[in-house]
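Student: Please take me on a close look at the place where the ligand sits. I'd like to know what lies around it and then follow the chain outward from there.

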Amino acid sequence: MHKPHVKAMAALLRRSQPRYDLYTVFGDCMEAIAIAMANSIDLRARAPREARYLDIVGRYPREILELFPQLLAELVRALEAGPGDVLGSLFHELDLHSKARGQYFTPYALSRCMAQATLGSRENVEAMIAQHGFVTAMEPACGAGSMVIALAEAMRDIGHNYQRHLHVTAIDIDPRAIHMAYVQLSLLHIPAHLMVGNSLSGEMQDNWFTPAHILGGWTARLSLRQRHEPVAETAQRATTVTAATSPSQGAVPPSHEPGASQRSMPRQLSLF
Ligand SMILES: C[S@@+](CC[C@H](N)C(=O)[O-])C[C@H]1O[C@@H](n2cnc3c(N)ncnc32)[C@H](O)[C@@H]1O
C-alpha cells in the first residue's frame with residue numbers, strides 16, 4: 001500500500017546526491033518539517049525552533065529545499081491510503097539504518113500484531129476507558145513511531161477513537177527518530193508527548209507535543225487524572241513491568257476470563 005509512496009519519497013531525496021550527504025539531508029528534512037508543524041501550534045519553544053529552522057534552510061539551495069514540501073505531500077498521500085510507519089520504511093529504503101549503526105525499525109505488520117496483543121479486546125479497552133477516562137501508553141524507544149501508530153490503528157479497528165481516548169508518551173535517544181515520529185503522529189492526529197532522552201538514565205533534553213495533544217487539552221487531562229487517581233501510579237508501574245517482562249500476556253487480562261471487566265484495569269500500556 002505504501003511502497004509506491006516510499007519509492008517516490010526516496011527518489012526525491014536522492015536528487016540531492018551526490019552533492020549532499022543523504023543521511024544529513026534526510027535528518028534536516030525531518031527536523032524542518034517537524035519544526036514547521038510544531039511552531040504552528042506550540043508556542044513553548046517557538047523562538048529557538050524558528051532559529052534552528054532558519055539555520056537548516058540556510059544550508060541548502062532552492063532546488064534542494066523544494067524537495068522538502070514535495071516529500072511531505074507524498075507522506076500525506078501515503079498516510080491517507082492508511083496508517084503505517086512510512087518514514088521508518090523510507091529510512092530503510094534509503095539504507096540509512098546501516099549508517100545509523102544498525103537502527104532497525106520494527107516492520108509495521110509485526111507492530112500491528114504486538115499492538116493488538118497489548119491492547120486486548122474491545123471489552124478490555126472499554127473497561128479501561130470507563131475506569132480511567134482514557135488509555136495511556138508508554139514507548140521508551142519509539143524510533144519513527146511504528147508501535148504507537150500500530151496501537152492507534154488497533155484501537156480504531158475495535159471501534160475506539162484514538163484521537164479522543166488514547167495518549168502516548170514516547171522517548172528516543174536519537175533526535176532524528178523523534179522528528180520522524182513527531183511528523184507521523186502529528187499527521188495522524190495522535191495525542192502524544194515525545195521526548196528526546198535516555199530512557200535508561202531518565203535524562204530528557206527536548207519535548208515535542210503533537211497538535212492533537214495541545215488541541216485536546218491533554219496536559220490538563222493528564223494532570224487531572226493524576227490528581228484523582230494518585231494511587232494508580234503504583235499499579236501503573238507494576239503493569240509496565242508485567243507487560244515488559246511477559247509480552248505474550250500483554251498488559252490487559254484476556255476478555256474471556258470471568259469478571260475481567262470488573263477488575264482494576266491497567267492505566268498505562270507499555271509498548272516495549
Ligand atoms: C530497534 S529501534 C526500535 C524503534 C521502534 N520501537 C520500532 O519498533 O520501530 C530502537 C530505538 O531505540 C532507541 N534507543 C536506543 N537506546 C535508547 C535509550 N537508552 N533511550 C531511548 N531510546 C533509545 C534508538 O535510537 C532506536 O530508535
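Tutor: Happy to. One working term first: a polar contact here is a pair of N or O atoms within 3.5 Å. Please also keep in mind that this is a predicted model.

Let's begin with the shell. The ligand is surrounded by 18 residues, and the closest are Tyr104, Thr106, Glu139, Ala141 and Asp172. Sorted by class, this shell holds eight nonpolar, seven polar and three charged residues.

Now for the polar contacts themselves. On the backbone side, a polar atom of Ile173 lies 3.2 Å from a nitrogen atom of the ligand. Side chains take part as well: an N or O atom of the Asn198 side chain is 2.9 Å from a ligand nitrogen, and one in the side chain of Thr106 is 2.5 Å from a ligand oxygen. As for cover, the ligand taken alone exposes 600 Å², of which the protein buries 75%.

From Ile173, let's walk along the chain to helix 12. At the start of this helix, a side-chain oxygen of Asp174 comes to within 2.9 Å of the backbone nitrogen of Arg176. Helix 12 runs over residues 175-187, and its 13 residues should span 18 Å at 1.5 Å a residue; the end C-alpha atoms are 18 Å apart, so the span agrees. This helix is mostly covered, with 10 of its 13 residues buried. Among them are Ala177, Ile178, His179, Met180 and Tyr182. Just after helix 12, His189 takes a positive phi of about 55°.

Next, step back along the sequence to strand 2, residues 166-172, and look at Val168, which lies in this strand. Buried means under 20% relative accessible area, and Val168 has 0%, so Val168 counts as buried. Beyond its neighbours within four places in sequence, Val168 is in contact with Ala137, Val148, Ile190, Pro191, Ala192 and His193. Val168 also shows how the fold brings separated stretches together: Val135 is 33 residues away in sequence, yet the two C-alpha atoms are 8.5 Å apart in space.

One of those partners, Val148, takes us to helix 10, where Val148 is among the buried residues. Helix 10 covers residues 146-157, and its 12 residues reach 16 Å from first C-alpha to last, close to the 16 Å expected at 1.5 Å a residue. Like helix 12, helix 10 is mostly covered: 10 of its 12 residues are buried. Its buried residues include Met147, Ile149, Leu151 and Met155, and also Glu153. Just after helix 10, Gly159 has a positive phi of about 90°.

Finally, let's zoom out to place these pieces in the whole chain. The chain has 15 helices and five strands, and 51% of its 272 residues count as buried. Of the contacts with a separation of 6 or more, 73% are between residues 24 or more positions apart; the contact of Val168 with Ala137 is one example of a link between separate stretches. On the outside, the chain exposes about 12500 Å², with carbon and sulfur atoms supplying 56% of that area.

Conventions: Residues are numbered from 1 along each chain as its sequence is written. This is a predicted model: local features need pLDDT of at least 70, side-chain atom pairs count only at pLDDT 80 or more; totals for chains, interfaces and linings use all residues. Side-chain values use heavy atoms; hydrogens and water are left out. A residue is near a molecule or strand if one of its heavy atoms lies within 4 Å of it. A polar contact is a pair of N or O atoms within 3.5 Å; within protein, one must be able to donate a hydrogen and the other to accept it, and residues adjacent in sequence count only if both atoms are side-chain atoms. Accessible areas come from the Shrake-Rupley method with a 1.4 Å probe; for residues, only the protein chains shown count as cover. Ala, Val, Leu, Ile, Met, Phe, Trp, Tyr, Cys and Pro count as nonpolar, Asp, Glu, Lys and Arg as charged, and the others, Gly among them, as polar. Helices (H or I, at least four residues) and strands (E, at least two) are DSSP runs, numbered from the N terminus. The expected span of a helix is 1.5 Å times one less than its number of residues. Buried means under 20% relative accessible area, exposed over 50%, partly exposed in between (1.4 Å probe, protein chains only). Contact means heavy atoms within 4.5 Å.
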